[in-house]
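Good morning, and thank you for coming. Today I would like to take you through one structure, beginning with how its chains meet and ending with the spaces inside it.

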Amino acid sequence: MKKSNDIFLETVHNIQQTYGYIPEREINQLAEKFDQPRAKIYGAIKFYSMLYTEPTGKYIIRICDSLSCHLKDSHDLLLAVQDYLGLEDGETSSDQLFTLEIVECLGHCGEGPVMMVNDKMYTELTKGKALEILQDCK
Amino acid sequence: MVIEKKFLKGNPLKDISEYDFPGLRRALSLGQENVIQEISDSMLLGRGGAGFPTGTKWSLALEQAGDKKYFICNADEGEPGTFKDRFLLEERPLKVLEGLMIGAYAVGADEGFIYIRGEYDLPIKIFREILEDARDEGILGKNIFGSDFDFDLTLVRGAGAYVCGDETSLINSIEGKRGISRIKPPYPIQEGLFGNPTVVNNVESLACAAEIINKGAGEFVALGTDNSRGTKLVSLSGDINLPGVYEIEFGCGTLEEIINDLGGGVSYGNKPKFVIPGGLSTAALLPEELNCGYSYEDIEEAGSSLGSGAIIVVGESRDLVEILLKVSRFYMDETCGTCFPCREGNKQINFMLNQHKNKKFTRQEVEIIKDIGDAIAAAARCGLGQTSLSLIESIFDKFPEELIEEVRHSEKVRNR
């Protein structure tokens, strides 16, 4: 029987939960544990948009701009958040507080527009509500 | 008047101490062949989007030789507009677990995985707790309910890759590889996870299977149409007044009735510009095409597909080019890159769509887009590529006046 720490993705998620990203020394250890060249490990990690090999901001802000949210004005929300944070898609603030990502469907299409702050999902947002949430991120 | 028909929906069911797993108990007393017979009799079609008969899949998996088989629940819901699996994972997770265990028992798998997309934080938390409780209660483990059925289930969190909803990509992902699709055959039921026969089923399919074994195939077969039995969870979103997850008996009404009676009508303008009946990978339908019944066969006849059951309504005065760009960016970002016509084609299409002049395209540009689309559909290994142009092509087909620049008469003369 496989244990969940035999599963690569689960192991990597757990490392990321500890460090906030996958540091290089962990990639070395993963290579040993899963008996794979480091390039394969690195290649697998880089495939997934939620896995990071560099430090991210303390808060990862994900805004869905897929069709259903787009019809609910997610683009305006996105512009307001970009303006407030001074960040483009994929950028991290210099104080390492925020990383901003424009993402595809988050599965809350009936409650758009939506924004995820780390693990927490905020639905039916207005620009004002979104900025309030961001102001509380310290 | 279309109303909901509740076969899968019900009170929240999350606490393992309050649930007796009647479907699983019945399955264990029926025996493997009889369980599969009952699922085949129910004519259940896979609810993830492809619509493959679940009974056939299980029976092929049972026939496979070998001691080691795997059973996977695909909870990597990512088709834009779809949120019905999340509904089940959050509200009725024990039915999903029960269906998964019935399937594992039926095909002879002793080990399983539930692969939940990484963005679904609440479902992940719910399942983590359920798996712990189920192990403590002996619902997972050895000799389940006193039978000779042993089974353990592991939760795997996805990490943000839409393509992992494809079963072969999902298998690669669990194996710790890049989530790229595999060449078929061999199909997963022949050679899947770690080279062993593997069944991959969608969340809703498994919840259906649990209810079918619990209530009997008869009740399920009695619902729906000849070719679409039972009910379907539909995710309504977009320009609609009452978005949400609704359970609909196949054939109980038309798309238009679903949008008006359950969805409360269009919220942006007076009527839809078009409706996407099954998620971003399905062709658009015009308002006059919405009087088709809600079933696999009727929507196919109307020129689209029921897909994942995600109905997205797009209001009358929406900008088509903006929508085309949104759709094409999705496929450009989410293609896994293995089949190069899909990787390069979707990129080129996004590039070409960005070159519009005053929101218009020339006939030649549209032909090139269709050509690339045909190449992708013919060459792509998985459903992502094969259907990546369905919506974009249908929008060009259905709104030529709005999107295609007519060659002016004077130019025609000059070209002669």
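I shall speak about the interface, then the pockets, and then the cavities. Please keep in mind throughout that this is a predicted model.

Let us begin with the interface. How many residues does each chain bring to the contact? Chain B contributes 56 residues, and chain A contributes 37. The size of an interface is often expressed as the accessible area lost when the parts come together. Here, the area buried between chain B and chain A is about 3,700 Å². Carbon and sulfur atoms give 57% of that area. On the side of chain B, the residues that lose the most area to chain A are B:Arg157, B:Ala159 and B:Lys326. Together, these three account for 19% of what that side buries.

B:Arg157 deserves a second look. This residue forms a salt bridge with A:Glu10, and the closest N and O atoms are 3.1 Å apart. Across the interface of chain B and chain A, the rule finds 4 salt bridges. As for polar contacts, 19 residue pairs are counted between the two chains, with both residues at pLDDT 80 or more.

Which elements of chain B supply at least two residues to the side that touches chain A? They are strand S2 (111–116), strand S3 (152–157), helix H7 (167–174), strand S5 (231–238), strand S8 (310–315) and helix H12. H12 of chain B gives the most, with 7 residues. By class, this side of chain B has 25 nonpolar, 13 polar and 18 charged residues.

I now turn to the pockets. The largest pocket has a volume of about 1,300 Å³. Its lining comprises 48 residues, and those closest to its centre are B:Gly48, B:Gly49, B:Ala50, B:Gly51 and B:Gly165. Several elements of chain B each supply at least two lining residues, among them helix H3 (54–63), helix H4 (84–91) and strand S4 (198–202). S4 of chain B gives the most, with 5 residues. The lining divides into 14 nonpolar, 22 polar and 12 charged residues.

The second largest pocket holds about 790 Å³ of space. It is lined by 36 residues, and nearest its centre lie A:Tyr48, A:Ser49, A:Met50, A:Glu101 and B:Gly160. Two or more lining residues come from each of helix H3 (38–47) and strand S2 of chain A, and H12 of chain B. By class, the lining has 14 nonpolar, 9 polar and 13 charged residues.

Finally, the cavities. The structure holds 3 cavities of 30 Å³ or more. In the largest there is about 70 Å³ of space. Of the 13 residues that line the largest cavity, B:Thr335, B:Cys336, B:Cys339, B:Cys342 and B:Cys382 are the closest to its centre. Its lining consists of 7 nonpolar, 5 polar and 1 charged residues.

Which residues line the second largest cavity? They are A:Asp65, A:Ser66, A:Ile102, A:Val103, A:Glu104, B:Lys326 and B:Arg329. Strand S2 (98–103) of chain A and helix H12 (320–334) of chain B each give two or more residues to this lining. The volume of this cavity is about 40 Å³, and its lining divides into 2 nonpolar, 1 polar and 4 charged residues.

To close, I would draw your attention once more to H12 of chain B. This helix gives the most residues to the side of chain B that touches chain A, and it also helps to line the second largest pocket and the second largest cavity.

How values were computed: Residues are numbered from 1 along each chain as its sequence is written. Chains are lettered from A and ligands numbered from 1 in the order in which they are written. This is a predicted model: local features need pLDDT of at least 70, side-chain atom pairs count only at pLDDT 80 or more; totals for chains, interfaces and linings use all residues. Side-chain values use heavy atoms; hydrogens and water are left out. On a 1 Å grid over the protein atoms alone, a cavity is a set of points where a 1.4 Å probe fits but cannot get out, and a pocket is an open set with protein on both sides within 12 Å along at least five of seven lines; lining residues have an atom within 4 Å of a point. Grid points are joined across faces, edges and corners, and a volume is the space filled by probe spheres set on the points. Ala, Val, Leu, Ile, Met, Phe, Trp, Tyr, Cys and Pro count as nonpolar, Asp, Glu, Lys and Arg as charged, and the others, Gly among them, as polar. Helices (H or I, at least four residues) and strands (E, at least two) are DSSP runs, numbered from the N terminus. Contact means heavy atoms within 4.5 Å. Buried area is the accessible area (1.4 Å probe) that two parts lose on being put together, summed over both. A salt bridge is a side-chain nitrogen of Lys or Arg within 4 Å of a carboxyl oxygen of Asp or Glu. A polar contact is a pair of N or O atoms within 3.5 Å; within protein, one must be able to donate a hydrogen and the other to accept it, and residues adjacent in sequence count only if both atoms are side-chain atoms.
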